[in-house]
Amino acid sequence: MPELPEVETVKRELEAAVLGKKIVEVRVFDSRVIRFPSAAEFKKGLTGAVIKNILRKAKVLILELTNSKSLVVHLKMTGQLVYPGAAGKASRVSFYFSDGKILDFNDQRLFAELRLMERWQDLEFIRNLGPEPFEIGPEQFREMLGKKKTKIKPLLMDQAFISGVGNLYAAEALFGAGIDPRRPADSLTAKESAVLLKEIKDILNKAIEHKGSSVDQYVQLSGEPGGYAKYHKVYDRVGKPCLVCKTPIQRIALGGRGTYFCPKCQR
DNA sequence: AATGGGACCTGCGCGC
DNA sequence: TGCGCGCAGGTCCCAT
């Protein structure tokens, strides 16, 4: 599922592929993914526009256009952007460029969201985003954790607390830091919180280097899977031996989400 | 304030 | 072989 490294990968690839290109046609195969405005207005607002700038805010992708509007993309869990595309049957929306190439937006489960906004900065979700891990240091992180009694793992996934981390990287970072996902956030020592922040940053950076983790549906812009999944130490490894101590990896539900951890290495 | 559950969706893998 | 069911998780929303 696309988290910060996957969205960053797609953002970089989009920059190389479609920056400066003109959209000449938009075909909508399932209008449910278009959250704003209507499908008709969406098409009208995009046709003829040139992609001027591409940004990422946490897990959100923003394509700024020359007509002062922005295409805001949230892939949620199964959204994909594929280029060059083929407007195949899995496509929900296809963007046709003046050079004849196609950018396909696919989404198996229809959770993903496309919006055409005058001002993406006004989107409530974006306004409420907490800092990305790269934007804070250990002292600030410790202070943030100290104000929260909630379990550390769901807290890492709270985009208003810290943004860009989802279920997979939260589990991997907590394993790397040797911290039990059920620990109250304010129980982490200064040293533990510093190690955790470093693990988060290191793992996100390494995942970006390997162009993301392909579990479930995520693919790079080219349609190829990302290469980071083979480095996962706990995610989706329930019952398999811990790569450090051989204890079977456990899976529990926290905040309704599958949580993988090593009961021996993580305390 | 924190927590839990359901909702949104579809396809996959499982057990029978 | 085929069917029904649970599950997957990013985010919002509601209830407690």
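This note goes through a predicted model of a protein with two DNA strands, point by point.

1. Basis of the values. Because the model is predicted, local features are reported only at pLDDT of at least 70 and side-chain atom pairs only at pLDDT 80 or more, whereas totals for chains, interfaces and linings use all residues. Residues are numbered from 1 along each chain as its sequence is written, chains are lettered from A and ligands numbered from 1 in the order in which they are written, and side-chain values use heavy atoms, with hydrogens and water left out.

2. The sheet. Four strands make up an open sheet with antiparallel pairing, in the order β1-β7-β8-β6; helices (H or I, at least four residues) and strands (E, at least two) are DSSP runs numbered from the N terminus, and two strands count as paired if DSSP finds at least two bridges between them. At the edges lie β1 (23-28) and β6 (79-82), each of which pairs on one side only. From one strand to the next the twist averages 15°, where axes are lines fitted to C-alpha atoms, for helices over the stretch in contact, and angles run from 0 to 180 degrees between N-to-C directions.

3. The β1 edge and its helix. Five bridges join β1 to β7 (residues 91-97) in the antiparallel sense, and R27 has S94 in β7 as its bridge partner. Helix α2 (residues 39-46) packs on this sheet and touches β1 and β7, with its direction at about 165° to that of β1; contact here means heavy atoms within 4.5 Å.

4. Helix α1. This helix covers residues 4-18, and its 15 residues reach 20 Å from the first C-alpha to the last, close to the 21 Å expected at 1.5 Å a residue; the expected span is 1.5 Å times one less than the number of residues. Of the 15 residues of α1, 12 are buried, so the helix is largely enclosed by the rest of the structure. Buried means under 20% relative accessible area, exposed over 50%, and partly exposed in between, with a 1.4 Å probe and protein chains only. The buried residues include charged ones by name, E6, E8, K11 and E13, alongside L4, V7, V10 and L14. After α1 comes G20, which has a positive phi near 85°.

5. DNA strand B. The residues around this strand are R32, Q108, R109, L110, F111, K148, K149, T150 and R257, a residue being near a strand if one of its heavy atoms lies within 4 Å of it. Sugar or phosphate accounts for 61% of the atoms of DNA strand B within 4 Å of the protein, and bases for the rest. A polar side-chain atom of R32 is 3.4 Å from a phosphate oxygen of DNA strand B, while one of Q108 is 3.3 Å from a sugar or linking oxygen of that strand. The side chain of R109 places an N or O atom 2.7 Å from a base oxygen of DNA strand B. A polar contact is a pair of N or O atoms within 3.5 Å; within protein, one must be able to donate a hydrogen and the other to accept it, and residues adjacent in sequence count only if both atoms are side-chain atoms.

6. DNA strand C. This strand is surrounded by 16 residues, the closest being H74, M77, R109, F111 and R251, and 55% of its atoms that come within 4 Å of the protein belong to sugar and phosphate. Polar side-chain atoms of K59 and of N167 each lie 3.1 Å from a phosphate oxygen of DNA strand C. In the side chain of R257, an N or O atom is 2.7 Å from a base oxygen of DNA strand C.

7. Backbone geometry to check. The peptide bond from F36 to P37 is cis, with omega near -15°, and P37 sits in the loop between β2 (34-36) and α2. Another cis peptide bond joins Y83 and P84, with omega about -5°, and P84 lies in the loop between β6 and β7. L110, in the loop between β8 (102-107) and β9 (113-117), has a positive phi of about 60° although it is not a glycine, and at 18% relative accessibility L110 counts as buried. K246 is likewise not a glycine but has a positive phi of about 75°; K246 lies in the loop between α7 and β10 (250-254) and is exposed, with a relative accessible area of 66%.
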